[in-house]
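User: Please take a close look at one part of this model, the second largest pocket, and then set it in the context of the chains around it.

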Amino acid sequence: MTNKNSIFRVIMALVAVCILIPIILMTAWAFTSRWQWPDLLGESLSLRGFEEVFINNVQGFRILVSSVFISMEAAFFATVIGYMSAQAFVMYDFPFKKWLHFGSMLPIIIPSSVFAMGIHVYFIKWGINDSIIGVLIGHVLYCLPYTVNILGDSREALGNRYEQQAMMLGCDGVTAFFHITLPLMLPSVISAFSMAYIISFSQYFITMLLGGGVVKTYAVLVFPLISAGDRTIAGAYTLVFLLSSMMIFILFEGVIKFIVKKIVGTET
Amino acid sequence: MIKKAVPYILLVPFMVLLLILLLAVANSLLQGLGYMPVLGLNKISLDYYKEVFLNPDFSSSLLLSLYISVISTIFSVVIGVLICAALIKTKRAEKFYRNVLRIPILTPHIVVALFVVIIFSQSGILSRIWYHLNIINEINEFPNIIYNRKGIGIILGYIWKEAPFVAYFVLSFMESISVSYEEAAINLGASPIRSFFSVTLPLSMPAILNAAFIILIFSFGAYELPFLLGVTKPKALPVQAYVEYSHPDLRHRPYAMAENGVMILISLVMAALYFYLWHKKLDGIRKSYDK
């Protein structure tokens, strides 16, 4: 038994190494002054990369903050619309349900660049090109398959029983929703929210084309730096990028754990 | 009557967004067929599609995109399933591994591109290690792994990100099968390997196929990685389509839209293939139960 298990442990350790090494290397690049070929270690420790990100590039920090806000908004709408849609798909039977459900998976089939190029003319016609509204529409659309999926699975698992029980005891629909269904759905809601946040935060093409250079997100800012020459600066920017995407996720995980603890009374 | 309308009312915001997406698709298809009243092009014509297919640049872009997506999907699925199986059997430090596995899923593609550059470029860490191992003496003796015409750097980037995705996607499914059916097979005398390949793997196929098609379709149509890690020629199809789209002459637009149209059609074919295989698989499982 020990022999067999050690193979799997070796595999997992290898996988963990493959995943963590790029991140460690990128961090090393971000904190060095120069790292010329063929040195295996950087020349010296330096914060010049971060100086560039936070001090020299005055826009940089502002764009980071506004990107966080934009993605929060996109995640919010994607979650609310996803919840409403999941509720419809899971709890009701109606004509065209299968078609509409397939429609919710359509953004996974149609590439975001194709969508952006296709809708661009119309956004211009409607006056929402180069604006946050257009960008948000694109982001929310491409988060929807994931939020509908996550919330749908959870909604199906939860079922109607608790709501029905409450209503039999005299409570009305709205109160049942806010006091029973929503609290029980909360972990899944937060999970869908964080997934949508990450997807929106990572979006490049939609923001680039539909935002037209007027709506600047961090992803659009960092994109040209990847193939540019200075790897220290690219490293610093992407490290901040990576950390800010993950921080929100980790934050929300903590919130979920806290809520579940409060509701269920035990650690998960 | 209002009760009957409730699901539709709930779906209104979703339907609005869906309509916008369908409008984008319809517009791409129509413009690709040459219908652009703004420019006075009022006739539907297959000329642009013909021109696109006759263009050698287009066919090499199409082949490159297909090659990249198929190869990266195959490797990602095999590695992902392997990771999944190993994760289920690893009891120690399980939580740590599960969290580590989530990192690539949370990493934006743009960051993955930088990872590939840091490690595999001519000035990357692998090249430096080779220098110290005396395999190469000059920086340009290191092979062009990324920025190469087969898109190897792009494929590596996709594998890094998609294999953990497959593992995670299939995990809960495979776990439940492993705990019940695989153990039952082992109890009945099958060797662990036999029971994995004859029981767990076939039963996990729906989830595996699901993940495979998501990443296949995605890697075919995605823009970021092929742009950042690709060469000037051939460009992957999404990159090529945008180059055409940005052409200063608006009369060139239907040409770009024809390329987009091809992408839409191929993605839909991939999706249709998935649905066909999915139903075949499910029917197969159902039939074996009925026996």
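Analyst:
**The second largest pocket and its surroundings**

The second largest pocket holds about 590 Å³ of space. The model is a predicted one, and the volume is a computed value for that model. The lining of this pocket consists of 23 residues. Those that lie nearest its centre are A:Val15, A:Cys18, A:Ile19, B:Ile159 and B:Trp160, so named residues of both chain A and chain B are found there.

In terms of secondary structure, four helices each supply at least two residues of the lining. One of them belongs to chain A, namely helix H1 (2-30). The others belong to chain B: helix H4 (56-89), helix H6 (109-120) and helix H8 (152-187). The most is given by H1 of chain A, with nine residues. The chemical character of the lining is uniform by class: 23 residues are nonpolar, with no polar and no charged residues.

The pocket is open, whereas cavities are enclosed spaces from which a probe cannot get out. Rolling a probe the size of a water molecule over the atoms shows where empty space is left. The count of cavities of 30 Å³ or more comes to two.

The second largest cavity also involves H1 of chain A. About 30 Å³ of space lies in this cavity. From chain A, its lining takes A:Leu25, A:Trp29, A:Trp35 and A:Arg231; from chain B, it takes B:Ile118, B:Ser123, B:Gly124, B:Ile125 and B:Arg128. The elements that give two or more residues to this lining are H1 of chain A and helix H7 (125-132) of chain B. By class, the lining of the second largest cavity has five nonpolar, two polar and two charged residues, while that of the second largest pocket has no polar and no charged residues.

The largest cavity contains about 40 Å³ of space. Its lining is formed by B:Leu64, B:Asn148, B:Gly151, B:Ile154, B:Pro226, B:Gly230, B:Val231, B:Pro234, B:Lys235 and B:Ala236. These residues divide into six nonpolar, three polar and one charged.

One residue of that lining, B:Pro234, also has a notable backbone geometry. The peptide bond that leads from B:Lys233 to B:Pro234 is cis, with omega near 5 degrees. B:Pro234 is placed in the loop between helix H10 (224-229) and helix H11 (237-245) of chain B. In chain A, A:Asp130 has a positive phi, near 55 degrees, in a residue other than glycine. This residue lies in the loop between helix H6 (112-126) and helix H7 (132-158) of chain A. Most residues other than glycine have a negative phi, and most peptide bonds are trans.

The wider setting is the interface between the two chains. In it, 81 residues of chain B are in contact with 79 residues of chain A. The size of an interface is often given as the accessible area lost when the parts come together. Between chain B and chain A, the buried area is about 7,300 Å², and carbon and sulfur atoms give 80% of it.

One salt bridge is found across this interface. The side chains of A:Glu253 and B:Arg102 form it, at 3.0 Å from N to O. Ten residue pairs are in polar contact between chain B and chain A, with both residues at pLDDT 80 or more. On the side of chain B that touches chain A, helix H2 (residues 12-32) of chain B provides the largest share, 14 residues. By class, this side of chain B has 60 nonpolar, 15 polar and six charged residues.

As for the chains themselves, chain A has twelve helices and zero strands, and its C-alpha trace spans about 75 × 65 × 35 Å along its principal axes. Chain B likewise comes to twelve helices and zero strands. Its C-alpha atoms fill a box of roughly 80 × 75 × 35 Å, again taken along the principal axes.

Note on methods. Residues numbered from 1 in each chain as written. Chains lettered and ligands numbered in written order. Predicted model: local features only at pLDDT ≥ 70, side-chain atom pairs only at ≥ 80, totals over all residues. Heavy atoms only, no water. Contact = heavy atoms within 4.5 Å. Buried area = accessible area lost by both parts, 1.4 Å probe. Salt bridge = Lys/Arg side-chain N within 4 Å of Asp/Glu carboxyl O. Polar contact = N/O pair within 3.5 Å; in protein donor to acceptor, adjacent residues only side chain to side chain. Nonpolar A, V, L, I, M, F, W, Y, C, P; charged D, E, K, R; others polar. 1 Å grid on protein atoms, 1.4 Å probe; cavity = no way out; pocket = protein on both sides within 12 Å on 5 of 7 lines; lining within 4 Å. Points joined across faces, edges and corners; volume = space filled by probe spheres on them.
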